[in-house]
Amino acid sequence: MRFTAAITAALLCASVPQYVSAKAIMGIDLGSFFMKVALVQRNSPLEIVTNLHSKRKTEQMVLFDQGSRFYGADASSLLGRKPQLTPSGMSVCLGRDENHP
């Protein structure tokens with residue numbers, strides 16, 4: 001539902017008169033555990049952007065390990081071995097402080 005609303009807003013913004021100098025519009029859908037990115041450009045159809053693994057849906061997690069950062073599927077593959085280093089579902093925490101129940 002939110003993704004459809006984001007796409008509709010992006011399409012409405014794309015129909016602004018010619019004096020707008022924007023080249024493309026990007027929409028980001030932050031779900032609970034996954035995220036998607038859509039791209040609207042002039043004279044081309046709506047495109048769902050793929051990640052490095054050619055997937056349209058990317059896990060919302062990051063792993064911090066010995067000075068390195070792993071995102072998405074790379075962090076998900078290491079989640080079983082290093083769960084204490086892998087925060088996930090971060091969009092649930094947006095706008096809340098650490099004392100929120």
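Is M90 buried, partly exposed or exposed? Select M90 to begin: M90 is partly exposed, with a relative accessible area of 34%, where buried means under 20%, exposed means over 50% and partly exposed lies in between, taken with a 1.4 Å probe and protein chains only.

Before going further, note that this is a predicted model, in which local features need pLDDT of at least 70 and side-chain atom pairs count only at pLDDT 80 or more, while totals for chains, interfaces and linings use all residues. Residues are numbered from 1 along each chain as its sequence is written, and side-chain values use heavy atoms, with hydrogens and water left out.

**The whole chain**

Show the chain as a cartoon and color it by pLDDT, which is the predictor's confidence in each residue, from 0 to 100. The mean pLDDT of the chain is 79, and 76% of its residues reach 70 or more. Among the elements, helix α1 (residues 2-14) has the lowest mean pLDDT, 55, whereas strand β3 (residues 47-48) has the highest, 92. The chain has two helices and six strands, and from the N terminus on they run α-β-β-β-β-β-β-α; helices (H or I, at least four residues) and strands (E, at least two) are DSSP runs, numbered from the N terminus. Of the 101 residues in the chain, 22% are buried.

**Strands β1 to β4**

Select residues 24-30, strand β1, together with residues 34-41, strand β2: the two run antiparallel and are joined by seven bridges, and strands count as paired if DSSP finds at least two bridges between them. They form a hairpin with three residues between the strands. Within this pairing, I28 stands opposite V37 in β2, and D29 has K36 as its bridge partner in β2.

Keep β2 selected and add β3, which is joined to β2 by two bridges in an antiparallel arrangement. Here A38 has I48 of β3 as its bridge partner. The hairpin of β2 and β3 has five residues between its strands, and N43 in the turn has a positive phi of about 60°. Next add residues 58-59, strand β4, which pairs with β2 in the antiparallel sense over two bridges; F34 stands opposite E59 in β4.

**Strands β5 and β6, and a salt bridge**

Move on to strand β5 (residues 62-65) and strand β6 (residues 68-71), which run antiparallel and are joined by four bridges. Their hairpin has two residues between the strands, and Q66 takes a positive phi near 50°. The bridge partner of D65 in β6 is S68.

Stay with D65 and show side chains. Side chains of opposite charge can pair when their charged atoms come close. D65 forms a salt bridge (a side-chain nitrogen of Lys or Arg within 4 Å of a carboxyl oxygen of Asp or Glu) with K82, the closest N and O atoms being 2.5 Å apart. Because D65 lies in β5 and K82 in the segment after α2, the pair ties together parts that are 17 residues apart in sequence. D65 is buried, with a relative accessible area of 15%, while K82 is partly exposed at 22%. A search of the whole structure finds one salt bridge.

**The segment after α2**

Return to M90, whose place is in the segment after α2. Not counting residues up to four places away in sequence, M90 touches Q60, M61 and V62, where a contact means heavy atoms within 4.5 Å. M90 and M61 are 29 residues apart in sequence and 7.3 Å apart in space, C-alpha to C-alpha.

Finally, select L94, which also has its place in the segment after α2 (72-78), and display the surface. L94 is exposed, with a relative accessible area of 57%. Add M26, I28 and L30, which together with L94 make a nonpolar surface patch of about 400 Å². Patches are made of residues with over 30% relative accessible area and no salt bridge, with like charges joined within 9 Å and nonpolar side chains (Val, Leu, Ile, Met, Phe, Trp, Tyr) within 5 Å. With the surface still shown, the accessible surface of the chain comes to about 7700 Å², of which 58% belongs to carbon and sulfur atoms; such areas come from the Shrake-Rupley method with a 1.4 Å probe, and for residues only the protein chains shown count as cover.
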